[in-house]
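Hi everyone, thanks for making the time this morning. I'd like to walk you through one structure, piece by piece, and please stop me whenever you like.

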Amino acid sequence: MAGSRFLMVGAGLSGAVIGRHLAEAGHDVSVVDARAHIGGNCHTERDPETGVLVHVYGPHIFHTDDAEVWDYVNAYQTFLPYKNRVKATTGGAVYSLPVNLHTINQFFGKTMRPDEARAFITEEQADTSIAEPQSFEEQAMRFVGRDLYEAFFKGYTIKQWGVQPAELPASILKRLPVRFNYDDNYFFHRFQGMPEHGYTDMIAKILDHPRIEVQLETVFDRAQAGDYAHVFYSGPLDGWFDYELGRLGYRTLDFERFTYDGDYQGCAVMNYGEESVPYTRITEHKHFAPWESHEGSVCYREFSRACTPEDIPYYPIRQVREKALLNDYVALAEQEPGVTFVGRLGTYRYLDMDVTIREALDTARGFLDDRAAGRTPPAFYTAPL
Ligand SMILES: Cc1cc2nc3c(=O)[nH]c(=O)nc-3n(C[C@H](O)[C@H](O)[C@H](O)COP(=O)(O)OP(=O)(O)OC[C@H]3O[C@@H](n4cnc5c(N)ncnc54)[C@H](O)[C@@H]3O)c2cc1C
């Protein structure tokens with residue numbers, strides 16, 4: 001007999017935002033998470049030794065064009081101005097990313113203006129003999145030419161995805177990946193910032209409602225679904241089905257943590273473009289909170305590799321094999337009563353935080369509308385395919 005409570009599997013952004021919305025609509029909500037903390041992969045915690053706020057599962061910068069989502073997060077936390085300015089070390093020099101006019105002038109030892117740089121890249125550097133690029137490599141060669149491709153795209157992509165760029169689809173690089181001005185802000189979005197006390201503090205406030213109860217270190221088992229009026233599941237889609245059709249492929253990350261007395265690299269994120277350097281980037285967490293001041297520093301060297309069943313799934317691979325398998329899991333999910341699959345793992349997509357919140361709000365609203373109209377809630381409010 002189904003209970004009257006709703007269950008959120010996962011205390012990340014998806015579970016917290018949906019849970020809060022349903023609680024405010026007068027429903028009782030349980031939230032469970034296998035981990036010992038809330039916040040999912042956005043989790044932040046203070047390092048007791050240095051006082052630095054650490055992005056435990058990798059660097060997270062909030063950016064969005066969605067005014068409702070921006071107002072939503074600001075209702076739970078003060079967001080302080082933050083621009084993501086990434087640097088890259090390659091070929092014995094440090095450059096500015098994304099590749100911009102500064103990078104181009106420095107890399108080629110020139111002093112070009114925007115129009116000159118555009119002509120230089122598109123007429124002298126780009127490989128115009130490639131009429132219809134078939135792979136990521138050909139697309140990059142066609143757009144920027146061999147020199148920039150090898151310095152900034154090739155090694156990084158091999159390390160990040162574990163495959164040669166010639167085996168990746170051209171569609172990954174949709175448009176010219178360089179800027180012909182000095183704009184080094186990584187994101188184009190209108191609203192950008194960092195939560196003053198971190199994402200976990202913000203998510204704790206979202207979950208702070210008398211109708212919400214949270215249980216940590218609690219692994220959900222599908223057999224418990226019947227105890228609830230409906231389940232919102234932000235765990236891995238294939239995990240719900242005990243991987244009966246096989247595993248959806250992911251990349252995982254290893255973070256090699258080290259501390260430093262002072263300022264280790266002078267910026268939050270330093271990428272390493274060369275394949276000979278085994279890590280993709282180094283994150284120095286204190287630079288994500290420039291309004292704080294700390295003597296000590298906490299850094300992560302980040303390594304990417306294939307995800308095994310014991311690892312945390314980070315980036316969905318979503319190539320041909322995975323999409324076929326995803327199709328089969330979606331068909332199974334659509335036969336499953338009483339559950340809606342949400343979030344980055346439940347829909348097997350890379351989702352930025354703002355998109356996660358947007359989808360969570362839309363899911364909660366759609367669910368309440370369906371319930372009011374006596375309709376059966378669907379397995380997905382956002383199609384994973
Ligand atoms: C390395 C990295 C960097 C990122 N950087 C950015 C960034 O800069 N900006 C940005 O906007 N976004 C970024 N993101 C995306 C961001 O992490 C996601 O948008 C967000 O985490 C999605 O939230 P979620 O609740 O859907 O999933 P998660 O945060 O993954 O939460 C799911 C939760 O479910 C729990 N769970 C799973 N299965 C079970 C089970 N069976 N029982 C109990 N609990 C379970 C997990 O423990 C987890 O806590 C980044 C992602 C990664 C991987």
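I'll go through two sheets, a few helices and one buried residue. Before that, please keep in mind that this is a predicted model.

Let's begin with the smaller topic, a sheet and the helix on it. Three strands make up an open sheet, ordered β5-β9-β6, with antiparallel pairing. β5 and β6 are the edge strands with a single partner each, so one side of each has no neighbour in the sheet. Three bridges hold the antiparallel pair β5 and β9, and if you want a spot to click on, T64 sits opposite F191 in β9. Helix α2 packs on this sheet and touches β5, β6 and β9, its direction making about 150° with that of β5.

Now, which residues of α2, the helix at 67-76, are buried? They are V69, W70 and V73. Looking down the axis of α2, these buried residues fall within an arc of 100°, so they line one face of the helix. The face turned away from that buried side carries the exposed residues A67, E68, D71 and A75. As for partners, the buried residues of α2 pack against β5 (62-64), β6 (79-80) and β9 (191-195), and also against the helices α7 (199-207) and α11 (353-372).

That brings us to α11 and its other helix partner on my list. In general, two packed helices are described by the angle between their axes and the distance between the axes. Here, the axes of α1 (residues 13-24) and α11 come within 9 Å and cross at roughly 35°, and the crossing is right-handed. On the α1 side the contacts come from L13, S14, V17, I18, H21 and L22, and they meet M353, T356, I357, A360, L361, T363 and A364 in α11.

Let me pause on one residue, I206, which lies in helix α7. Is I206 buried or exposed? It counts as buried, because I206 has 25 C-beta neighbours inside 10 Å, and the cut-off for buried is 20 or more. Beyond its neighbours within four places in sequence, I206 is in contact with A16, V17, R20 and Y76. V17 is also one of the α1 residues that meet α11.

On to the other sheet. It is open, has seven strands in the order β8-β7-β13-β14-β15-β12-β16, and its pairing is mixed. β8 (93-96) and β16 (315-316) stand at the edges with a single partner strand each, so one side of each is left without a neighbour in the sheet.

Some pairs to look at on screen. β7 (residues 87-90) and β13 (residues 269-272) run parallel and are joined by three bridges, with A88 partnered by N271 in β13. β12 and β15 run antiparallel with eleven bridges between them, and one example is E256 with R301 in β15. β12 also pairs with β16 in the antiparallel sense, over two bridges, where Y250 has P316 as its bridge partner. Lying across β7, β12 (250-261), β13 and β15 (296-306) is helix α6 (residues 146-161), which runs at about 95° to β7.

One last item, from the records. An unreviewed UniProt entry lists residues 151-350 as "domain: UDP-galactopyranose mutase C-terminal". In this model that span is 21% helix and 24% strand, and its end C-alpha atoms lie 26 Å apart.

That's my tour, and I'm happy to take questions.

Conventions: Residues are numbered from 1 along each chain as its sequence is written. This is a predicted model: local features need pLDDT of at least 70, side-chain atom pairs count only at pLDDT 80 or more; totals for chains, interfaces and linings use all residues. A residue is buried if 20 or more other C-beta atoms lie within 10 Å of its own, exposed if 12 or fewer, and partly exposed in between; C-beta atoms are placed from the backbone. Helices (H or I, at least four residues) and strands (E, at least two) are DSSP runs, numbered from the N terminus. The arc is that of the directions from the helix axis to the C-beta atoms. Two residues are in contact if their C-beta atoms, placed from the backbone, lie within 7 Å. UniProt positions are given in the numbering used here, feature names are shortened, and annotations may be inferred rather than shown by experiment. Two strands pair if DSSP finds at least two bridges between them. Axes are lines fitted to C-alpha atoms, for helices over the stretch in contact, and angles run from 0 to 180 degrees between N-to-C directions. A crossing is left-handed if the near helix is turned anticlockwise from the far one by less than a right angle, and right-handed if clockwise.
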